[in-house]
Amino acid sequence: MNKKRTITALALVTAYVGSIAATKAMIKPEKRKIKPYFNSRSPYIFAHRGGMHLAPENTMAAFKEAKAFQVDGFEIDIRLTKDEEIVVFHDAYVDRVSNGTGKVINHTLEELHALDFGYHFKDVHGEYIFRGHPDAKIVTLQELIQTFPGMRINIDIKDAPGTSAGKLIPSLLYRLIHQLKAFDNVLVTSFYDVQVKRFNIYGEDRIATGASRKEAAKTYLLFNTGFGHVYQPKVDTFQIPAVYKGIRLDKDHFINYLQKYNLAVGYWVINTIDEMDELLAKGAHTIVTDRPDLAYHLIRDKYRK
């Protein structure tokens with residue numbers, strides 16, 4: 001019985017190794033052409049939601065603060081309003097970060113402008129220093145791009161594909177990027193694979209895009225099972241956590257594998273200098289952080305002397 005099991009196991013291993021060899025002979029991995037968005041010197045430091053540890057997330061207060069720390073870009077989220085305006089916002093509801101209630105999609109832009117998005121923010125001393133602040137207001141994507149011309153903006157589509165907002169936003173987003181001629185300054189990502197694909201119907205691969213969770217999981221599985229060579233990338237960057245459900249995604253060999261395709265490897269959300277430094281030493285291209293102040297000192301003192 002043991003002998004039969006051994007023979008079966010050897011046969012399976014032989015078939016597995018043979019299939020890897022056969023696919024390697026047939027498939028030639030293709031590198032991505034590097035888009036202008038990624039042409040500058042790395043590493044890139046992106047302020048997560050504008051740097052939400054320092055000021056109310058996704059508000060001008062945060063973006064201005066992050067800009068003062070010389071970040072390379074902003075990592076933001078977008079949602080659609082009732083009157084089909086694209087606003088910079090993470091949650092489906094406004095309750096957590098404002099003095100209002102309800103879904104973003106159920107409010108007009110004018111109604112959102114009336115809310116205080118600094119209402120719940122506390123500084124390190126527990127003080128509500130941004131309540132009533134003129135920069136703690138809702139921001140439209142158009143305002144953000146026009147206020148910071150040339151700044152790299154990583155745009156994450158939050159509205160789910162099956163919702164009315166989710167169905168509209170890929171085309172509206174492309175229209176806005178085209179209107180503002182911001183093709184080289186934006187990166188479009190989403191946890192939803194279909195949203196990236198919908199956007200690319202309009203973008204036609206001219207604008208940088210990032211891998212969805214599904215794309216990242218599929219690629220890691222191929223890499224980890226010996227079939228990494230069959231992957232043909234259709235995105236320009238992987239922005240991933242260092243650890244996902246106990247699986248380390250920050251191993252040197254995985255970063256090197258993605259780099260061979262000219263894929264920029266980014267990690268979120270990294271809020272300590274030691275972890276930032278460790279990831280950059282392994283070859284990470286982008287660090288997304290709530291602490292642009294900490295990142296500023298690391299980059300200035302070690303990476304851009």
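Select G266 and T286 to begin: T286, in β11, is the bridge partner of G266. You're looking at a predicted model, where local features need pLDDT of at least 70, side-chain atom pairs count only at pLDDT 80 or more, and totals for chains, interfaces and linings use all residues. Numbering starts from 1 along each chain as its sequence is written, and side-chain values use heavy atoms, with hydrogens and water left out.

Now show both strands in full. Strand β11 covers residues 286-289 and pairs with β10 in the parallel sense, over two bridges. Two strands pair here if DSSP finds at least two bridges between them. The element names come from DSSP runs numbered from the N terminus: helices are H or I with at least four residues, strands E with at least two.

Next, add strand β7, residues 237-240: four bridges join β7 to β10, and these two also run parallel. Pick I240 in β7 and you'll find Y267 of β10 opposite.

Stay on β10, residues 264-267, and switch on its side chains. Is β10 covered on one face or both? Both: A264 and G266 on one side and V265 and Y267 on the other are all buried. (Buried means under 20% relative accessible area, exposed over 50%, and partly exposed in between, with a 1.4 Å probe and protein chains only.)

Then bring in helix α9, residues 273-282, which makes a right-handed β-α-β unit with β10 and β11. To check the hand, point the strands away from you: the path from the first strand over the helix to the second runs clockwise in a right-handed crossover.

Time for rings. The structure holds 20 aromatic pairs. Rings of Phe, Tyr and Trp (its six-membered ring) pair if their centres lie within 6.5 Å; planes under 30 degrees apart count as stacked, over 60 as edge-to-face and the rest as tilted. Select F38 and Y44: with centres 6.3 Å apart and planes at 10 degrees, this pair is stacked. F38 is buried at 11% relative accessible area, and Y44 is buried at 0%.

Another stacked pair is F254 and Y257, with centres 6.3 Å apart and planes at 20 degrees. They lie three residues apart in helix α8 (residues 252-259), so about one helical turn separates them. F254 is buried at 3% and Y257 at 9%. Extend the selection to Y220, F223, Y231, F238 and Y261, and ring pairs link these with F254 and Y257 into a cluster.

Last stop: the charged end of R206 sits over the ring of F183, 3.7 Å from its centre. That call requires NZ of Lys or CZ of Arg within 6 Å of the ring centre and within 35 degrees of the ring normal.
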